[in-house]
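Work through the exercises below with the sequence and the model open. Each task is followed by a solution in steps.

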Amino acid sequence: MIETREITDIQRDKILAIVENHFNDLKSKEIAPAKLTRTLSAFSNAVGGDLYLGILENDNNGVQHRQWIGFSDEEEANGHIQIFEELFPLGDQYSYTFLSHPNESGLILHISVKKNLAIVKASNKVIYKRRSAQNIPVTTEDAIKRLELDKGISSFEDNTVNVPLDFVTDSFSIFEFMAEVIPTAEPEPWLRKQLLIRNNLPTVASVMLYSDTPQAALPKQSGIKIYRYKTKAEEGTRETLDFVPLSIEGPAYTQVYEAVKTTKDIIERGKVLKETGLEELEYPEKALHEIITNAVLHRDYSIASDIHIRIFDNRVEVISPGSLPGHVTVANILEEQFARNGNMVRLINKFPNPPNQDVGEGLNTAFNEIAALRLKRPEIIELDHGVLVVIKHEALASPEKIIMEYLNKNEEIHNSTARELTGVQSADIIKTHFYRLREKGLIEMNPDPKKRGRNSTWILKK
C-alpha cells in the first residue's frame with residue numbers, strides 16, 4: 001500500500017517552485033512510464049533524488065508555468081507503479097507517496113530515491129547517471145568501470161602496480177611495520193596472505209602503505225599539496241598565495257601525520273586582522289587530524305589528482321579526489337559507514353598509534369570537537385570529482401539567533417535539532433532559549449496534539 005498524504009499550501013508551492021537539477025525532477029503524468037525509469041536509474045546511480053509525477057509545465061510566451069494535474073485516483077497510477085516496482089521496489093532505497101491538496105485536482109506521485117550501492121538499469125536495459133538536470137546514458141566499458149569505482153563496487157586499491165616486488169617487500173616501511181606489529185613473519189609471505197600481492201605485482205594498497213616512495217609508482221595521484229592564501233575570498237589566487245605550495249609525500253601513515261603537523265604549523269604562524277587588531281588563528285588539532293585521515297584513506301586513487309589542503313584567513317579546505325562511495329551521501333555521511341579502500345582502512349589500523357583509532361568514527365569526532373569549541377559546523381560538499389570539507393574559523397551565532405534563522409526557513413524545530421545546530425549538548429539549556437524566545441513573543445509551542453512530550457516542537461508565533 002502506498003500512503004496518501006495531504007499537504008499544505010506552503011508545501012504545494014515549494015513543489016511547484018522546485019528547480020529541476022541534479023537532485024529533483026518534475027514530470028507530467030502523460031510521460032510514458034518506461035521513459036521515466038531513465039530518471040529513476042539516473043538518480044539511483046548518482047546521489048539519489050526526488051521525482052514528482054503529475055506536474056504539467058507550459059511555456060506561455062517564454063514564461064514557464066506549472067500546473068498540478070495529478071492522477072484522478074490511485075488506480076490511474078497503477079500502470080506507472082507496476083513498471084516502477086519491477087525495477088525499483090518499494091523499500092529502503094525507494095519510497096512512494098501520493099500527495100493531495102484540497103484545492104488541487106488529482107494526486108501527485110512522489111518517488112524518493114536514495115543513493116544505491118548497486119548499478120541500476122532503466123527498463124531499456126541501459127544504465128543512466130544524473131548530471132545536473134540530465135539523464136546521461138553510461139554505455140562504454142570505461143564509463144561503466146568509472147561508475148563502479150564511484151559507487152564503491154570495485155576499488156582501485158586492488159589494482160596492481162607495474163613495479164618490482166621489492167618496491168614493497170624490501171622497504172624500510174615494511175620492515176619497521178613487521179618489527180613492530182608481526183615480528184615473527186616475513187614481509188613477502190605476509191603481504192601475499194593479505195592479498196596485497198597479485199600476479200607477482202604489488203597492489204595500490206600495498207604501495208600506499210608499505211613503499212617508502214609510493215609517489216614514484218603513483219605520480220600525481222598519491223600525494224598531498226598544502227597551500228596558504230592570505231585572503232578570505234572564495235578562491236585563492238597567485239597574488240594571495242603566501243608561498244610555493246608544499247608537497248607531502250611518503251606512505252599513507254607518514255602522510256597523515258606530516259600533513260596534520262605542517263597544516264597546524266602554518267596556521268599557528270599566521271595572524272589575521274580583526275576589528276580588535278591582529279588575532280592568531282587556531283583550529284582544533286584532533287578535527288584536522290580526523291578530516292585529513294579521512295581524505296587519505298577514502299580518496300579514489302584512480303584519479304590523477306593529489307589531496308589539496310588550502311589554508312585561508314578564515315577557513316581550511318580539504319579536497320579529497322573521488323565522489324562519496326557506496327550509499328554514502330552528504331546528508332548521511334556522519335551516520336553511514338562505507339570504506340572505499342577497505343584494505344587500507346583495515347591495515348593502517350594495525351600500525352602503532354594508528355591515525356584511524358576509532359574506525360568509522362573519524363568525522364563524527366571532528367564535528368563533535370568543533371561543536372564543543374562553539375565554532376561553526378564544517379561543510380561537506382560533493383564536487384564533480386571530489387569531496388570538499390570546509391572548516392570555518394567562525395564562532396557560532398547565539399543559539400537564539402540560530403533557532404530563529406532555522407524557523408524562518410522551516411515550519412518547526414525540535415529540541416534535538418536545535419542542539420545539533422547550535423552545538424549546545426544540554427536539552428535543558430536549549431529549553432531555556434526556547435522559553436526566552438517565547439517570552440519575547442517570537443515563538444510558541446506547536447499546538448498539534450501529536451506534538452507532545454518527546455515529540456514536542458516549536459513554531460513561529462502566528
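Two strands count as paired if DSSP finds at least two bridges between them. The model used here is predicted.

**Exercise 1.** Determine in which sense strands β6 and β7 pair, and over how many bridges.

Solution.
- Locate the two strands: β6 covers residues 94–100 and β7 covers residues 108–114.
- Count the bridges: there are 6, and the pairing is antiparallel.
- Check one position: Thr 97 is opposite His 110 of β7.

**Exercise 2.** Place β6 and β7 in their sheet and find which strands form the edges.

Solution.
- Write the strand order: β1-β6-β7-β3-β2, an open sheet of 5 strands with mixed pairing.
- Look for strands that pair on one side only: these are β1 (3–6) and β2 (24–27), the edge strands.
- Take the angle between neighbouring strands: on average they are turned by 25 degrees against each other, direction ignored.

**Exercise 3.** Describe the sheet that contains β18, starting from its strand order.

Solution.
- The order is β13-β12-β16-β17-β19-β18, giving 6 strands in an open sheet with mixed pairing.
- β13 (246–248) and β18 (379–382) each pair on one side only and are the edge strands.
- The average turn between neighbouring strands in this sheet is 15 degrees, direction ignored.
- Follow β18 to β19 (residues 386–392): the two run antiparallel and are joined by 4 bridges. Within that pair, Ile 381 has Leu 388 as its bridge partner in β19.

**Exercise 4.** Which strands does helix α10 lie across, and which does helix α11 lie across?

Solution.
- Helix α10 (residues 252–269) lies across β12 (224–228), β13, β16 (307–311) and β17 (315–321). Its angle to β12 is about 5 degrees.
- Helix α11 (residues 285–298) lies across β12, β16, β17 and β19. Its angle to β17 is about 20 degrees.

**Exercise 5.** Characterise the largest pocket by its volume and its lining.

Solution.
- The volume of the largest pocket is about 850 Å³.
- The lining has 32 residues, and those closest to the pocket centre are His 22, Ala 46, Lys 129, Arg 130 and Asp 384.
- Assign lining residues to elements: β3 (48–53), β8 (127–131), β9 (134–138) and α4 (141–151) each contribute at least two. Helix α4 gives the largest share, with 5 residues.
- Sort the lining by class: 13 residues are nonpolar, 10 are polar and 9 are charged.

Notes. Residues numbered from 1 in each chain as written. Predicted model: local features only at pLDDT ≥ 70, side-chain atom pairs only at ≥ 80, totals over all residues. Heavy atoms only, no water. 1 Å grid on protein atoms, 1.4 Å probe; cavity = no way out; pocket = protein on both sides within 12 Å on 5 of 7 lines; lining within 4 Å. Points joined across faces, edges and corners; volume = space filled by probe spheres on them. Nonpolar A, V, L, I, M, F, W, Y, C, P; charged D, E, K, R; others polar. Axes fitted to C-alpha atoms, helices over the stretch in contact; angles between N-to-C directions. Contact = heavy atoms within 4.5 Å.
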